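Please look over the sequence and the model below before reading on. This report takes up a helix, a pocket and a few backbone details in turn.

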Amino acid sequence: FDSFCPLGPWIDTEFKPGSQVVTATVNGELKQSAPLSDMVFDVPFIIEFVTKVMTLLPGDVILTGTPSGIGPMIAGGEVVVSVEGLGSLRNRVSNVANQQQREVRTRFAPSPTGDLHVGNIRTALFDWAYARHTGGKLIFRIEDTDRERVTDEYIGRAIETLQWLGLNWDEGPEVGGPYGPYLQSQRLDIYTHWAKTFIANGDAYNCYCSTEELEARREKQRELNQAPGYDGKCRSLSADDIAGYESEGRKPVIRMRMPDGETRFNDLIRGEVTFEHKYVPDFVLMRADGSPLYTLAVAVDDVLMKVTHVLRGEDLLSSTPRQIRVYQAMGVAPEDFPFFAHLPFVMGQDNAKLSKRNGEVSIAWYREQGFLPEAICNYLALLGWSPGDDVENITMDELVKLFTVERDRKSTRLNSSHEFVS
C-alpha cells in the first residue's frame, strides 16, 4: 500500500458482493470499470491492516487496495468509488505513513451558558470514546468569547460535570497542555493576528456596510426570490471609498472572501457532503468591536491545537464550508484538514429537537435525582451509536474497545428518563 483512501461509512448488511459493476475515478478521470467479484480479496494482511483503524463486525464489506488501472494515488487527490446498487463514496487520498503517524486528537468545545445538557454530554462522550479507542488525546476547550452569557460559574459547572461522569481530558482547563490557553477569551490576540493576516493576503477585507443597509439589500433579494446573503459590495473598495466611510465614523467588520465553486468533503457519518458557494456568501470573521465570531475562532483553534477529528452536532454542518475556507486561508494542506462527523440531533418522543418542553435535559438535574454517572453514560452511548447485536448495556471499557464513528446513526430519539438505571 503506497497510499490509503478511507472510504467509510459504507456498511450495508443487506448488500451481497457479486457481479455488481465497480467504477473508480481519480481527479475526475475514469480509471476502472469492472465487476466487484474481481476485487473482493480474503488476504490476511488486508484484514490485519483494516482492523487497526476500525472495528469490524460479521457482515461488513471491505473494499481496499489499488484496483488495476488506477495507478499511483497522490496524497490530496480525489478518489470516487461507485458500486452498482450500493452508491458512491468520495474522499481525498492520504499517505499511509502519515495516517499512521498522525495522532488522533478530538476536542469537546462547549459554550456553557448554563448547565451542560444531554446533547452536550453525548458529544463529549463520543469525543472521549474515540480518543481513547484510538490511543489519541481529548482536548477540552471552552468557547467563552460571549462573556455576558458564559460565566465563570457555568465554566466551573461544566468542568465538574465532566469529572463526575469520568470523562477525563488530556489538554484543557486544570490540566494545561502545549497548545493553550484553552479558554477562547484568553486567545483574542491570536484571532486578531489571523484576521489581519487574511486581509494582508487578500483572503479577507474590511466591510463598512451598516446593519440598516444590509437589511435593505436582503429585503430586495427576498423580493426578487434570491437567496438572501451578503452581495459583496465592499469587496473591491477604492481608497477614496474607504476614506469616505471612515470620515463618517464607520467601523468595519472583517469578511472572508468565498471563491466561486463549491466545498465538498466526506462526513464520517453522512458520507459525501457538498455546499455550492453561491449559497455561502462572504462571511464575517470579526465584529466592528474587534471580537471574533465563532467561525474564525473555532477554525483557528482547531488548526493550532492540531485537532484531527471534529465530532459535533449536525446543527453545525452548514458552518463547515466556512471553516474549511479558514483552513485554506491559513495555508493548511487539504490532507491535513480535520475529519468531520456531524452527530444527529437528540430528538424527544415528539420527534422534535430536544428542548425544555421535552422535560429535564440538564445532566445536573439527573444527578440531583440520584442517577449514577455509569447509567447516564451507558444510556447516552447507545443514543445514536450501536455496537451491534441489540446491546442494551455497555461498560465504559467496552465502549472504548468498540467505538467507531462509522457506527453512529443519522437520527436518534430520546426516550423518557425511566430508561436510565439509577
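What covers the buried residues of α11? In this predicted model, the cover includes α3, α4 (152-165), α10 (363-368) and α12 (396-402). Helix α11 spans residues 373-381, and because 8 of its 9 residues are buried, the helix is largely enclosed by the rest of the structure. Among those buried residues are Pro 373, Ile 376, Tyr 379 and Leu 380.

The helix α3 appears again in the largest pocket, where it gives the most to the lining, with 5 residues. This pocket has a volume of about 1200 Å³ and is lined by 42 residues, of which Ser 111, His 117, Asn 120, Asp 315 and Leu 316 lie nearest its centre. Besides α3 (118-134), the elements that give two or more residues to the lining are β5 (105-108), α8 (294-304) and β12 (309-313). By kind, the lining residues divide into 17 nonpolar, 13 polar and 12 charged.

Turning to the backbone, the peptide bond from Gly 180 to Pro 181 is cis, with omega near 0°, and Pro 181 is found in the loop between α4 and α5 (188-200). Two residues other than glycine have a positive phi, and the table sets them side by side.

| Residue | Phi | Loop | Relative accessibility |
|---|---|---|---|
| Asn 225 | near 60° | between α6 (211-223) and α7 (239-247) | 73% |
| Lys 306 | about 60° | between α8 and β12 | 46% |

Because exposed means over 50% relative accessible area, Asn 225 at 73% counts as exposed, whereas Lys 306 at 46% counts as partly exposed.

Terms used. Residues numbered from 1 in each chain as written. Predicted model: local features only at pLDDT ≥ 70, side-chain atom pairs only at ≥ 80, totals over all residues. Heavy atoms only, no water. 1 Å grid on protein atoms, 1.4 Å probe; cavity = no way out; pocket = protein on both sides within 12 Å on 5 of 7 lines; lining within 4 Å. Points joined across faces, edges and corners; volume = space filled by probe spheres on them. Helix = DSSP H or I, 4+ residues; strand = E, 2+ residues; numbered from the N terminus. Nonpolar A, V, L, I, M, F, W, Y, C, P; charged D, E, K, R; others polar. Buried < 20%, exposed > 50% of the residue type's maximum accessible area, 1.4 Å probe, protein only. Contact = heavy atoms within 4.5 Å.
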